[in-house]
Amino acid sequence: DDRFNPVQITPNYHYKARSTASDEAPMEVVNLPFGLSDAVQGDNNAKKKNILGRENPYKDKGQLGNRSKSFRRTSVSLETDQDHAGYYKFSYSVPHILRSIHGRAIAFAAFALSQQELGQVFPSKAGGGIAGYVLDCVEECVSVSAVSMKDGFKNLDNMDVTQAVQITANLSVLQSALPRLFGTVIRGLCHTGMIRPSDIPSTFEYADATLKRADASCDREVGSMYNLAYEICRNKIDTLINFSLENFQWVAKSGRDMPNAYAESLIEYMRSTFKVLSPMDEGSRAGLQFSCCGHIAERLVHLLADKAEREDDRRGRGMNHSQHGGSVSGGAMGSDLPPIAKIDAFGIKNLALDVNEFETFAESTGVPQLSESFQEVKSLTTALLDRDLPNLLLLENQNERRRRYPFLSLEKLANVLEKYVGSGVGSKFISQGRTGEMLMLDKKEVQALIRLARIQM
């Protein structure tokens, strides 16, 4: 009965006694076998030292301690809200699963050894006789455990991102503990005499092969859970965008000095989601952050730059949507939100402000290059507000245009211009105070720019 909460690090930990006074090997932490005590959220040994508050050469180790307290996820006062240095990456179930696999390996080895002593002859196989069978048992136990850690959740459709992230982290920690688990099993087989000296090379080679297969089993489940976590995030982002931007007025007629509400809601969702990614390893965590930001940027580019639907197509899609009980049915990006039909210069300016806010948030996460996820939509909005755009679209200025806007697609730029609601003659430029002047186009200028863009496509 796992509550999918990471185990808290507590100062009340114990170690197994050393066998000799000169033993230099690190002492194992009670209840955290096979290196689990090293699976701490983030690279924060110094902060973990402060939490444990012990002057001990092994103070970077932890123990589950009192379960009624240790397994309860409580608030830890740290320097930032995003810091979870007071917790391990894994939840309550992982130590039990590893000890269970180890216990089954011991039981299987003891049974096999007793049968051999009674005269049972095991068929010859790679791995040095019965030792190979024991290793097969460990491999199968790991594979079954990895599957059950994911499929043991009662209803995957009701899983939230916190639970998906924790299960992913549990699988990753199980995977990282496999080398020590297999090493312990091999040492036990050697101590009990189940591996003959002549079979040591072949048994170790077979152990490496079974370890790789067990690692691959965990890797498949980690990948599956990672995809599920991203799907949960993506669906929530789509829901927020669809709800906030349905019937949104992109012909704004006036500029804003703060982001639109949909941008603030998306940023708040990403902020709360990124906080719960701490149990994941750094690569998976960054990958999910890039995926979320990239999906938002892709949706904005789709809304802004895809060709607008005709009225008949829009009406027909709406009828199909109602016939399916209001569910999402088809459409680009798996969404029923159509591309923008009309937008004016102020709508583009407001969208540019939203994109800047997304970039600011991405930079605040400290993830390198995360803000570059919004480069394409930023190029579109910035170029459409650039007073030099008419000159940059001239054929002789294409090198300057590519230097200034390396991510700009002329096809998408032309699609946006086709939706552009031109201003009246004489209102080509307008002063925007501190933001400077932005490009204002009338209908004839819009058509001229569309022709220039189409010629160079």
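**Reading the contacts of a predicted model**

Mentor: In this predicted model, arginine 404 forms a salt bridge with aspartate 386, and their closest N and O atoms are 3.0 Å apart.

Trainee: Why is the contact between arginine 404 and aspartate 386 called a salt bridge?

Mentor: The cut-off between a side-chain nitrogen of Lys or Arg and a carboxyl oxygen of Asp or Glu is 4 Å. The closest N and O atoms of arginine 404 and aspartate 386 are 3.0 Å apart, so the pair qualifies. Arginine 404 lies in helix H13 (residues 398–404) and aspartate 386 in the loop between H11 and helix H12 (389–392), so the salt bridge ties together parts that are 18 residues apart in sequence.

Trainee: How do you know whether arginine 404 and aspartate 386 are buried or partly exposed?

Mentor: Buried means under 20% relative accessible area, and exposed means over 50%. Aspartate 386 has 13% and is therefore buried, whereas arginine 404 has 31% and is therefore partly exposed.

Trainee: What other residue meets the side chain of arginine 404 in a salt bridge?

Mentor: Glutamate 400 does, at 3.4 Å from N to O. The two residues are four apart in helix H13, which means that about one helical turn separates them. Glutamate 400 is partly exposed, with a relative accessible area of 29%. Through shared partners, salt bridges join Asp386, Asp388, Glu400, Arg403 and Arg404 into one network.

Trainee: How many salt bridges does the whole structure hold, and which one links helix H10 with helix H11?

Mentor: The search finds 11 salt bridges. One of them pairs glutamate 359 with lysine 378, whose closest N and O atoms are 3.2 Å apart. Glutamate 359 is in helix H10 and lysine 378 in helix H11, 19 residues apart. Glutamate 359 is buried at 7%, while lysine 378 is partly exposed at 28%.

Trainee: What makes phenylalanine 358 and phenylalanine 374 a stacked pair?

Mentor: Ring centres must lie within 6.5 Å, and planes under 30 degrees apart count as stacked. Here the centres are 5.4 Å apart and the planes differ by 10 degrees, so both conditions are met. Phenylalanine 358 lies in helix H10 (residues 345–364) and phenylalanine 374 in the loop between H10 and helix H11 (375–385), so the pair ties together parts that are 16 residues apart in sequence. Phenylalanine 358 is buried at 0% relative accessibility, and phenylalanine 374 is buried at 0% as well. The structure has five aromatic pairs by this rule, and ring pairs also link Phe248, Trp250 and Tyr262 into a cluster.

Trainee: Why is there no bond between the sulfur atoms of cysteine 137 and cysteine 141?

Mentor: A disulfide requires cysteine sulfur atoms within 2.5 Å. The sulfur of cysteine 137 has its closest cysteine sulfur, that of cysteine 141, at 4.1 Å, which is too far for a bond. The structure holds zero disulfides.

Trainee: How do you know that the span of helix H5 agrees with its number of residues?

Mentor: Helix H5 (residues 161–191) has 31 residues, and at 1.5 Å a residue it should span 45 Å; its end C-alpha atoms are 45 Å apart, so the two values agree. H5 nevertheless bends by about 40 degrees at leucine 178, with proline 179 following within four residues. At the N-terminal end, aspartate 160 caps H5, with a side-chain oxygen 3.2 Å from the backbone nitrogen of threonine 162. Just after H5, glycine 193 takes a positive phi of about 75 degrees.

Technical notes. Residues numbered from 1 in each chain as written. Predicted model: local features only at pLDDT ≥ 70, side-chain atom pairs only at ≥ 80, totals over all residues. Heavy atoms only, no water. Expected span 1.5 Å × (residues − 1). Bend = angle between axes of the 7 residues up to and from the residue. Polar contact = N/O pair within 3.5 Å; in protein donor to acceptor, adjacent residues only side chain to side chain. Phe/Tyr/Trp six-rings, centres within 6.5 Å; stacked < 30°, edge-to-face > 60°. Buried < 20%, exposed > 50% of the residue type's maximum accessible area, 1.4 Å probe, protein only.
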